[in-house]
Every structure is written in C-alpha cells, then in structure tokens.
Amino acid sequence: MYAILDIETTGGKYNEEGITEIAIYKYDGHEVVDQFISLVNPEREIQPFVVNLTGINSNMLRHAPKFYEVAKRIIEITEDCIVVAHNAQFDNRILKTEFKRLGFEFERKTLCTVELAKDLIPGQASYSLGKLVRSLGIPVTDRHRASGDALATVKLFKMLLDKDTTKNIIQQSIRLNPKHQMEPRHIDIIEQIPSITGVYYIHKADGEIIYIGKSNNIKKRINQHFTNTNQKSKKIQQQVATVTYEATGSELVALLKESEEIKRLKPIYNRALRRNIFTHALYSFKDENNYINLKIDIADGRKKSITTFSNRQSGKSFITKAVEDYELCQKLTGLYKTKTSCFNYDIKTCNGACINKELPEVYNQRVEALINKNSYKNKNMVIIDKGRDIDERSAILIENGIFKGLGYFNLNYQINNIGVLESIITPMANNRDTQHIIQNYLRKNKHLKIVTLN
C-alpha cells in the first residue's frame, strides 16, 4: 500500500517552515482507496514568493485546522504504507519536523518518484514535476497546489510501476530515508545555470556571497553542492538563495579569477581555500663540486622556488619524470640517498654526475633546460587558451616573470607585443598562489600555445 502525498509550505529558513496544505492519496497499486486533503494553518507568515507560486495566503488559512488537529488523520492514512512523493526527501523532512514539534517521531518507508523516473525514464530534459508530467502527457490541474500535484504524482507513479517490469528498482529503492534529493528551490536554481567553464558565486537572500568556486561544468558542480551531505554542503543548501556565474572558457582563467575573488571577498565557506594552495616547492643549489642539485622541500616564501606543488607526492612524481626526461642523476635530485653512485648509474641510465664522472658544465645544461621549461622567471610571454566563444581566445600575460593579468581577444586580432596586450588585459595581483596555479596548469597542459614577447 502506498500513501502518495504532496505538501505546500510557508517557505523560509530551513526546518522553520510550516505546512500550509497537504494532500494524501492512499493507493493500492491499482486505484486510490482513500484520500485526505486539507489546508493547514501554519501559525507563521507565508513568504511572498510562495503566495505568488501557490496562491495560498494567510487569509485563506485563518480558519484552517492547525497541524496538531490533522496529525492523527495523517498518521492513520499513512499507517503501514510506503510514503511516495516527488522529491521525497523534502516532504519527508517537513512531515518529520512538524511531528517533532508535537513530540512524535514520524517514521515511514519512502519512495521518491524523482529517483524512480531517472532510473526508469532516463534522458528527460527535466525531472521537475511539472515539466516531467507534461513531457509524458500526464494531465495536471491546480499546479503548485497539494491536491493537483499529489494527483499528478499518483498518475506518474502508476506509469513508473508499469515500466518497472522486473520490479527490481522498486524493491531496491525502498528505504526509511530517501537518497538526498534537491528541494524545489534548488532545482529552480540549477535549471538557470549552463554547463560551461567559469567561476560561480553562491549568494544568501541578502546578496552576501557565501561561497566562490570554479568548474569546467558549473551546472554539474552546483548540483553536487545541492546533493552532497557533508556539513559544508548542508549549510550552503540551507542558506543559498541564488547562484550567479561568470563564463571564462578557459580553466586557467577560472582558477586565477577564483583565487583572486576568494582573497578579495573572503566568503565564509571558502576558509580552507584562503590558505596557500600549495605546500611544497622545487629548489636548486650548487654543491661543492659545482653540480646543480634539485630538491623538493616544504614551500618557504623566503626562498626562491623554481615551481610549486600541491603536496609532496606531486613534487616527487614531477622530479621522477624529470630524471627520465632530462637524464638527470637520482642522487643530485634527492631521489636516491647514497655516498657513492646512484642506482641509475649502476644500470647505465645515469652519466655519472653522482661520482663526478660527467662534467658539471655538461650536466648543468640539462638541469637548466628543466628549470627554464618549468619557470617563467624574467620571461615576457603570453599564454593563449580557450575563450568564451568559438572565435575568441584568452590571454594570460607574464611580464618580466610577473603575472600581470588576463583578457580576451578575437582570433583576427594579432597578439605579438606587450603594447598590444596592455589594451585588452585586466590587471590582477601577482602572488605565490597565482604562480603556483599558472605553473601547475602549464605542467598539466603541455600543448598550450605560448607566445614569447619582445
């Protein structure tokens, strides 16, 4: 037996909402055998946007029963039933909250028609109730009213039961607490966001930015924020009112903009990202025999580094590959601690710098080639990456080894000197984080176009 229901609420702060209308249809798998529909006096104000959406206002509810007056009927009609709802997590939470205020633990097994529809009718443009039933040819009356939406859910559920020929999904989907589902307001936000690369800003109702992030697919990333169950995500879900975004086209531009915006605005849920985004760095020094040695060490702002890494393992992986690519010595790169020859010399893949067999001048040329490749110190160059449109490219300007800023240009525009670039570049701060972001991006994207400037 199923209790298919829909609830309308006052809106407002998380777990402070009240029910304004409830509709429950008791369904035996073939037909509706009982029903309960009632307005409810929530004993609190209804948010204006909810009034506009549902048409339910405080005057309509003045003489309606309060929740404690309908609670017994709700318990009776849902007894020994599986509660079915579209976005079951939302309806179940609201019911549990109302019963908890009365000192009663409301526990029912639940099924979510959003989850079921995604499994049984994949590929739909939207799984919001209105758009889904419309695309399936299911008639709906009194949209955004409890009885109309609950009746549409009955018809949708009947179709889903028909499509579940093996009955496996229905059996596996039953659980006391449904998988976390987005609330309707979260779905509305996501439907307005494109699947593009860029920086996004999560705002509270008063406009305050509480989180800044970047993604190659903003829609997918916001969806994760709204469905994750960790503490930070839950807090964001409670407070979010809207999400704005800035398209960048380039992931590098998004990373640089995200870093600068977090430092400037200091959003409350970006605390971890305000700290340095790298922990280790590559340093060089000459030993007593005049060989250039390389060393991965904890990042120290007082020392000049060649490049930086998010963690020690990342640095070790980099230097291991460099030893192979540039025929460097394991001993002189800190990978093999020994007082004699390194392991690679023993297997004839090291030229013997570890035992002074290879001349320092010859060995150091290869080390300097590695350093030059992975550092933009004293360089004048522009990194060309994707733009926001097909005929546009982004430009990241490095002048005398310092990150100056970024901008966009049309493919027909000639980028060949700093003077031309300065007219399109938006200045940005140069710091250790920006250096790390750029160097790390260049390491991972070896086919980027880099133009050396005069």
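In what handedness of crossing does α5 pass α7? In this predicted model, the crossing in which α5 passes α7 is left-handed, and the two helices offer a good place to begin reading the structure. Two packed helices are described by the angle between their axes and the distance between the axes. For helix α5, which covers residues 113-120, and helix α7, which covers residues 146-163, the angle is about 40 degrees and the axes lie 10 Å apart. Because an angle of this kind falls outside the ranges for roughly parallel, antiparallel or perpendicular helices, α5 and α7 are oblique to each other.

The contact itself can be followed residue by residue, since Thr113, Leu116, Ala117 and Leu120 on the α5 side meet Thr153, Leu156, Phe157, Leu160 and Lys163 on the α7 side. Sorted by class, the residues of this contact of α5 with α7 comprise six nonpolar, two polar and one charged.

A second pair of helices can be read in the same manner. Helix α3 (residues 67-78) and helix α4 (residues 88-101) have axes that come within 11 Å of each other and cross at roughly 120 degrees, and that angle makes α3 oblique to α4. Here, too, the crossing is described as left-handed, with α3 passing α4. From α3, the residues Phe67, Ala71, Ile74 and Ile75 meet Leu95, Glu98 and Phe99 from α4, and this contact of α3 with α4 is made up of six nonpolar residues, no polar ones and one charged one.

The third pair is formed by helix α10 (residues 218-227) and α11, whose axes are 7 Å apart and which pack at an angle of about 100 degrees. That angle makes α10 roughly perpendicular to α11. In this contact His225, Phe226 and Thr227 of α10 meet Ser233, Ile236 and Gln237 of α11, and the residues involved divide into two nonpolar, four polar and no charged.

From packed helices we can turn to empty space. Rolling a probe the size of a water molecule over the atoms shows where empty space is left. The largest pocket holds about 1,200 Å³ of space, and 42 residues line it, with Phe49, Leu53, Pro184, Arg185 and Asp188 lying nearest its centre. Several elements each supply at least two residues of this lining, namely β1 (2-9), α1 (48-54), α4, α6 (129-135), α9 (184-191) and α11 (231-239). The largest share of the lining, six residues, comes from α9. By class, the lining of the largest pocket consists of 14 nonpolar, twelve polar and 16 charged residues.

The second largest pocket contains about 640 Å³ of space. It is lined by 26 residues, of which Lys304, Ser305, Ile306, Ser375 and Lys377 are the closest to its centre. Two or more residues of this lining are given by each of the elements β9 (280-286), α16 (360-374) and α18 (432-444). The lining of the second largest pocket divides into seven nonpolar, twelve polar and seven charged residues.

Finally, we can look at a single residue and its surroundings. Which helix holds Tyr345? Tyr345 has its place in helix α15, which runs over residues 343-346. Once its neighbours within four places in sequence are left aside, Tyr345 is in contact with Cys350, Asn351, Gly352, Cys354, Ile355 and Lys357. Another way to locate this residue is by its relation to Gln330, from which Tyr345 is separated by 15 residues in sequence and by 8.8 Å in space, taken from C-alpha to C-alpha.

Technical notes:
Residues numbered from 1 in each chain as written. Predicted model: local features only at pLDDT ≥ 70, side-chain atom pairs only at ≥ 80, totals over all residues. Heavy atoms only, no water. Axes fitted to C-alpha atoms, helices over the stretch in contact; angles between N-to-C directions. Helix = DSSP H or I, 4+ residues; strand = E, 2+ residues; numbered from the N terminus. Parallel < 35°, antiparallel > 145°, perpendicular 65-115°, else oblique. Left-handed = near helix turned anticlockwise from the far one by under 90°. Contact = heavy atoms within 4.5 Å. Nonpolar A, V, L, I, M, F, W, Y, C, P; charged D, E, K, R; others polar. 1 Å grid on protein atoms, 1.4 Å probe; cavity = no way out; pocket = protein on both sides within 12 Å on 5 of 7 lines; lining within 4 Å. Points joined across faces, edges and corners; volume = space filled by probe spheres on them.
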